[in-house]
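Dear colleague,

Please find below the structure that I am handing over to you. A short account of its aromatic contacts and its pocket comes after it.

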Amino acid sequence: MSEAYDIPKILAALPHRYPMLLVDRVAELNVGDSIRAIKAVSFNEGYFQGHFPGRPIMPGVLQIEALAQAAGILAVETLELAGSGKLVYFMAIEGAKFRAPVEPGCLLELEASFVQQRSKICKFAGKASVEGKTTCDVQFTAMIADAPK
């Protein structure tokens, strides 16, 4: 297990920046195995203005994106890609299920683990939850590739 990640370490591991950075803290990282990260869901998020007025709910696709970013950190650390210029790209999303709404003011816990790992292709299982209640679970595949020129 490694130390927790704060924002500077997350920014060093991921190319994402505001407003698309959806990981606020890494609580636990088991290199080669799994990650547990946190997204603090704030009412100030831009998507809450239209999703939905009067009943703000975090879009399910953004929950999956947050899980994928957490998995990206896991892949970067496991494959020692930090500073290499390589990026982790989505290839497939499978079996996504949304089980409960995510509302402003909560801490969204993101758990991702390797299902399969090859040199350039990684498959992950992901689960998002709030206070122990699953909000989303999904499997997804990502590819390690060079950044576009």
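The findings are set out below.

This is a predicted model, in which local features need pLDDT of at least 70 and side-chain atom pairs count only at pLDDT 80 or more, while totals for chains, interfaces and linings use all residues. Residues are numbered from 1 along each chain as its sequence is written, and side-chain values use heavy atoms, with hydrogens and water left out.

Rings of Phe, Tyr and Trp (its six-membered ring) are paired if their centres lie within 6.5 Å, with planes under 30 degrees apart called stacked, over 60 edge-to-face and the rest tilted. The count by this rule is 5 aromatic pairs. In one of them, F90 and F140 meet edge-to-face, at 5.9 Å centre to centre and 85° between the planes. This pair links distant parts of the chain, 50 residues apart: F90 is in strand β3 (residues 86-98) and F140 in strand β6 (residues 133-146). Strands (E, at least two residues) and helices (H or I, at least four) are DSSP runs, numbered from the N terminus. Ring pairs also join F90 and F140 with F114 and F124 in a cluster.

F140 is buried, at 1% relative accessible area, whereas F90 is partly exposed, at 36%. Here buried means under 20%, exposed over 50% and partly exposed in between (1.4 Å probe, protein chains only).

Separately, K9 lies over the face of Y5, 4.4 Å from the ring centre; the criterion is NZ of Lys or CZ of Arg within 6 Å of the ring centre and within 35 degrees of the ring normal.

With kind regards
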